Number of protein chains: 4
Amino acid sequence: MCRWAAYTGAPIFVEEIVSRPGHSLIHQSHCATECLSAINADGFGLAWYGEREEPGLYRDVMPAWSDPNLRSLVAQVKSRLFLAHVRASTGTATSRNNCHPFAVGRWTFMHNGQVGGYDAFRRDAEMLIPDALYPQRKGATDSEALFLTALGEGLAADPRGALERAVAKFEALSRQKGDAPHIRLTAALSDGVRLYAVRYATDDQAPSLYHRWSPTRAGRAVVSEPLESGECWEQVPQGSFCTFDAEAVEIVPFCPAALAVAA
Amino acid sequence: MCRWAAYTGAPIFVEEIVSRPGHSLIHQSHCATECLSAINADGFGLAWYGEREEPGLYRDVMPAWSDPNLRSLVAQVKSRLFLAHVRASTGTATSRNNCHPFAVGRWTFMHNGQVGGYDAFRRDAEMLIPDALYPQRKGATDSEALFLTALGEGLAADPRGALERAVAKFEALSRQKGDAPHIRLTAALSDGVRLYAVRYATDDQAPSLYHRWSPTRAGRAVVSEPLESGECWEQVPQGSFCTFDAEAVEIVPFCPAALAVAA
Amino acid sequence: MCRWAAYTGAPIFVEEIVSRPGHSLIHQSHCATECLSAINADGFGLAWYGEREEPGLYRDVMPAWSDPNLRSLVAQVKSRLFLAHVRASTGTATSRNNCHPFAVGRWTFMHNGQVGGYDAFRRDAEMLIPDALYPQRKGATDSEALFLTALGEGLAADPRGALERAVAKFEALSRQKGDAPHIRLTAALSDGVRLYAVRYATDDQAPSLYHRWSPTRAGRAVVSEPLESGECWEQVPQGSFCTFDAEAVEIVPFCPAALAVAA
Amino acid sequence: MCRWAAYTGAPIFVEEIVSRPGHSLIHQSHCATECLSAINADGFGLAWYGEREEPGLYRDVMPAWSDPNLRSLVAQVKSRLFLAHVRASTGTATSRNNCHPFAVGRWTFMHNGQVGGYDAFRRDAEMLIPDALYPQRKGATDSEALFLTALGEGLAADPRGALERAVAKFEALSRQKGDAPHIRLTAALSDGVRLYAVRYATDDQAPSLYHRWSPTRAGRAVVSEPLESGECWEQVPQGSFCTFDAEAVEIVPFCPAALAVAA
């Protein structure tokens with residue numbers, strides 16, 4: 001299990017989400033409360049959108065709390081849209097290429113959860129990645145493979161549909177060759193314009209997902225765990241796909257299961 | 001606070017102390033029970049004595065549990081005398097040069113504890129290091145400075161006396177310019193022949209220290225926390241200096257305080 | 001292009017090959033003379049056989065010349081059979097998982113050379129890796145994929161034949177979808193008993209390969225470049241597969257090309 | 001010896017100096033031409049000024065050419081004033097804390113050169129650092145000690161004078177206890193408003209220093225080596241202190257030697 005936080009809105013210093021709040025993402029890296037592992041110290045990553053279409057990407061293998069580069073970066077960089085992640089490995093090595101977020105072109109993706117029994121069908125899963133995207137396969141995680149498969153399914157044209165199709169394929173592989181729980185997926189993704197999030201599981205244990213609009217900041221945080229206690233955060237129900245576009249929120253069902261049965 | 005484990009006896013694979021036991025040092029790196037911080041993920045180190053007079057030294061900045069190099073090393077290296085450490089920084093940066101153990105010539109040293117208000121008198125403390133040893137000053141920790149000062153006080157000729165004099169000087173500086181608690185010190189050190197350990201504090205909170213002779217292994221483990229529950233470990237009383245020489249154990253009082261008052 | 005050195009014989013400190021000689025492997029990491037890139041600073045690795053069937057493995061991403069851990073390790077570890085490598089990336093990221101040697105079970109493999117146009121058919125190449133070995137696929141290099149493919153072809157039963165078949169398949173892919181030069185391969189591999197080496201290319205530019213028996217040391221070094229000038233080193237001709245077993249040397253033709261045409 | 005590049009002017013993407021030009025700083029990290037060591041692969045650093053008074057700081061120990069984080073950062077960050085450095089160690093370990101630039105409050109400093117026989121008087125040199133600045137002493141380099149000494153001498157009130165006094169003290173120590181060449185110093189420093197540079201040596205071998213105003217960019221690059229061949233770069237004479245303030249350049253003599261004699 002991992003923890004992540006994302007933001008879209010008026011530009012803010014990244015530290016306002018990542019390190020400043022009482023239960024900031026960096027705080028969650030050693031004291032997460034709503035997940036199995038309180039420690040998320042197997043690397044971290046930050047993707048942020050600035051003046052360019054493609055995001056900046058900073059990832060490293062040490063605990064987020066102990067990296068002075070990260071502390072300096074989040075104090076300097078202002079961004080209107082960013083994704084940040086702290087990792088607790090579910091098996092694959094601690095390596096920069098296995099750290100979230102992943103970035104391909106203008107798209108970014110980060111994931112908290114698991115694909116059950118992935119090692120038993122990793123080769124099959126990688127075969128789902130189209131040739132044109134294969135050079136982007138840098139590490140060995142299920143998350144990166146899922147992201148590249150979703151890109152191949154047409155993420156740009158239909159984010160929810162493409163992700164449903166990709167998850168359905170992974171779910172089918174896990175049902176054939178893997179273990180339960182087959183899919184637990186709380187993920188954020190972005191094309192640099194909108195921020196998307198999904199909360200889904202094949203059992204009833206989808207990792208938590210919250211969001212909150214701040215009128216003073218004119219922006220929205222989307223997170224694994226609320227950043228401050230005493231604030232009012234909206235929890236996203238399991239089986240949902242969210243689109244955050246400026247102040248607007250659209251939440252619709254996310255149903256790869258039907259596709260998985262059909263696959 | 002940190003956690004450490006040392007061994008002296010018939011040669012064993014280092015993993016028999018560092019990674020194999022139920023509450024091995026690597027287990028303590030994320031689940032320590034007898035100290036304030038359960039997480040000791042700000043680097044680690046291993047010093048081991050082999051065929052040469054000088055020890056091998058392997059230190060890195062990631063959590064001990066996530067380094068495949070460490071896992072491989074402890075599975076291959078057999079040693080009759082070694083010191084291993086997992087670090088929870090009390091302020092100084094995560095850097096290889098700040099990781100324990102420290103090694104100078106054939107001597108090694110590792111420390112769990114603190115010197116109260118050290119930042120306020122670091123310069124004074126470094127002035128205690130003699131010129132000849134100053135090139136060995138690689139990092140910025142109180143622990144390394146204490147070790148170099150003790151070497152300057154004649155660690156080779158009189159380990160307990162030299163360490164008492166060094167601690168007394170640090171304690172005096174902390175009383176003059178620092179904060180309480182002035183000294184908390186549970187340390188291990190070795191010249192490659194004998195293994196020494198000390199447990200001392202200016203308050204009543206010296207970090208824990210245990211040891212246990214294993215007849216099957218024909219060796220002794222000296223540790224921050226027992227490596228297995230249900231085994232019989234001897235706790236070292238506060239204010240003690242221990243010499244472990246093959247099966248023999250000598251425990252004598254460690255009293256820098258008298259010297260500190262006189263200083 | 002990279003540089004490597006291997007050894008088999010009476011146990012020696014690894015530094016006697018890796019750091020001590022005038023043109024040691026570490027010297028070659030910044031002053032290689034017989035290859036296109038004089039600098040081999042994109043990581044390094046060491047695999048050594050000791051008391052266990054499986055080798056030790058130490059790899060990191062910094063230049064070999066600047067890693068104090070490596071310097072200490074090669075001064076302490078004595079081995080009867082080891083493989084060491086310094087890397088100059090031909091494109092894939094600097095990551096521990098992309099550093100040679102690669103190790104699977106008791107087998108190790110390291111490679112100097114290239115597979116032409118690999119990015120265009122990486123997915124096809126990874127499909128050559130059997131399911132049972134796929135969890136061992138940690139990085140993204142052509143070298144690791146070739147090694148795993150060769151293991152799948154039966155390296156244990158028939159080292160030369162399995163490697164010929166694997167190279168033939170890679171060569172066929174490069175001829176179909178990649179670029180010339182299709183294969184340049186100077187590699188070493190071992191099962192912990194014998195040391196094997198191969199020198200092959202589809203053009204006339206196979207990277208250099210030398211070996212030399214030292215009677216005083218009672219061991220043989222097998223290297224990219226001679227470790228000392230003025231010594232007498234035997235150059236292995238292109239298109240050869242070598243088996244080094246104690247003092248014995250067997251050199252036979254290595255001919256994947258015929259297989260590649262047939263494939 | 002190291003290589004560095006700095007910039008002041010209208011905001012540009014940092015990559016326009018660091019990675020884009022034909023002989024960019026990253027190119028100089030493996031192919032420097034005007035210094036003894038062509039390879040500057042022992043770490044790198046970037047300090048940049050943005051919206052805050054204090055600069056951002058990003059340093060790491062790998063070669064600059066192989067760090068994807070650096071490549072991404074310089075493509076995203078726009079800055080009106082920045083300093084970048086690639087390091088070839090003259091002895092001290094490769095560690096983030098030994099990488100340039102160094103930053104204290106709003107000041108930054110980076111250095112190419114050496115202080116002759118520094119190890120013999122490092123302790124004396126560190127004693128020149130005032131107590132209030134001592135907590136900023138993170139590593140073990142002569143460069144960081146010189147910077148902190150200059151800050152103690154009043155860099156904010158009188159940059160040239162303070163740096164002359166600091167260099168004079170180091171020069172005196174080198175003459176008493178060290179070796180020739182006593183000082184070689186080509187350095188850049190900034191308070192976030194102006195960019196300063198100095199070129200000085202006790203022999204006639206001060207490392208090279210150039211600058212060039214680009215009218216199209218409305219900014220000035222100050223560098224160890226020209227970033228493009230065929231362009232017109234002004235070389236700074238040895239014994240000079242430069243102040244770059246928007247388009248204005250002031251170059252005055254830099255004469256610590258007289259002070260050193262008097263010291």
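**Figure 1. Packing around helix 5 of chain C in the predicted model.** The buried residues of helix 5 of chain C pack against five elements of the same chain: strand 5 (102-104), strand 6 (107-115), helix 4 (122-127), helix 6 (159-177) and strand 7 (183-190). Ten of the eleven residues of this helix, which spans residues 142-152, are buried, so helix 5 is largely enclosed by the rest of the structure. The buried positions are C:Asp142, C:Ser143, C:Glu144, C:Ala145, C:Leu146, C:Phe147, C:Leu148, C:Thr149, C:Ala150 and C:Leu151. Just after the helix, C:Gly154 adopts a positive phi of about 100 degrees.

**Figure 2. A salt bridge within helix 6 of chain C.** C:Arg175 and C:Glu171 form a salt bridge, with their closest N and O atoms 2.9 Å apart. Both residues belong to helix 6 of chain C and are separated by four residues, about one turn of the helix. C:Arg175 counts as partly exposed, at 48% relative accessibility, whereas C:Glu171 counts as buried, at 1% relative accessibility.

**Figure 3. The interface of chain D and chain A.** Chain D contributes 23 residues to the contact, and chain A contributes 23 residues. Between them the two chains bury about 1,800 Å², of which 39% lies on carbon and sulfur atoms. Across this interface there are 18 residue pairs in polar contact, with both residues at pLDDT 80 or more. On the side of chain D that touches chain A, strand 3 (56-60) and helix 3 (68-76) of chain D each supply at least two residues. Helix 3 of chain D provides the largest share of that side, six residues. The residues on this side of chain D comprise nine nonpolar, five polar and nine charged.

**Figure 4. Salt bridges between chain D and chain A.** Side chains of opposite charge can pair when their charged atoms come close. Eight salt bridges are found across the interface of chain D and chain A. In one of them, the side chains of A:Asp67 and D:Arg96 meet at 2.6 Å, N to O. In another view, A:Arg52 forms a salt bridge with D:Glu15, and the closest N and O atoms are 2.8 Å apart. This pair crosses between chains: A:Arg52 lies in the loop between strand 2 (44-49) and strand 3 (56-60) of chain A, and D:Glu15 lies in helix 1 (residues 15-18) of chain D. A:Arg52 counts as partly exposed, at 27% relative accessibility, while D:Glu15 is buried, with a relative accessible area of 7%.

**Figure 5. A salt bridge between chain B and chain C.** B:Glu51 forms a salt bridge with C:Lys78, the closest N and O atoms lying 3.0 Å apart. The pair crosses between chains, with B:Glu51 in the loop between strand 2 (44-49) and strand 3 (56-60) of chain B and C:Lys78 in strand 4 (residues 78-86) of chain C. B:Glu51 counts as exposed, at 56% relative accessibility, and C:Lys78 as partly exposed, at 35% relative accessibility.

**Figure 6. Cysteines without a disulfide.** The structure holds zero disulfides over all chains. B:Cys232 is in no disulfide, and the nearest cysteine sulfur, in B:Cys242, is 16 Å away. At 70% relative accessibility, B:Cys232 counts as exposed. In chain D, the sulfur of D:Cys255 is 13 Å from the closest cysteine sulfur, that of D:Cys242, which is too far for a bond. D:Cys255 counts as partly exposed, at 43% relative accessibility.

Conventions:
Residues are numbered from 1 along each chain as its sequence is written. Chains are lettered from A and ligands numbered from 1 in the order in which they are written. Side-chain values use heavy atoms; hydrogens and water are left out. Contact means heavy atoms within 4.5 Å. Buried area is the accessible area (1.4 Å probe) that two parts lose on being put together, summed over both. A salt bridge is a side-chain nitrogen of Lys or Arg within 4 Å of a carboxyl oxygen of Asp or Glu. A polar contact is a pair of N or O atoms within 3.5 Å; within protein, one must be able to donate a hydrogen and the other to accept it, and residues adjacent in sequence count only if both atoms are side-chain atoms. Ala, Val, Leu, Ile, Met, Phe, Trp, Tyr, Cys and Pro count as nonpolar, Asp, Glu, Lys and Arg as charged, and the others, Gly among them, as polar. Buried means under 20% relative accessible area, exposed over 50%, partly exposed in between (1.4 Å probe, protein chains only). A disulfide is a pair of cysteine sulfur atoms within 2.5 Å.
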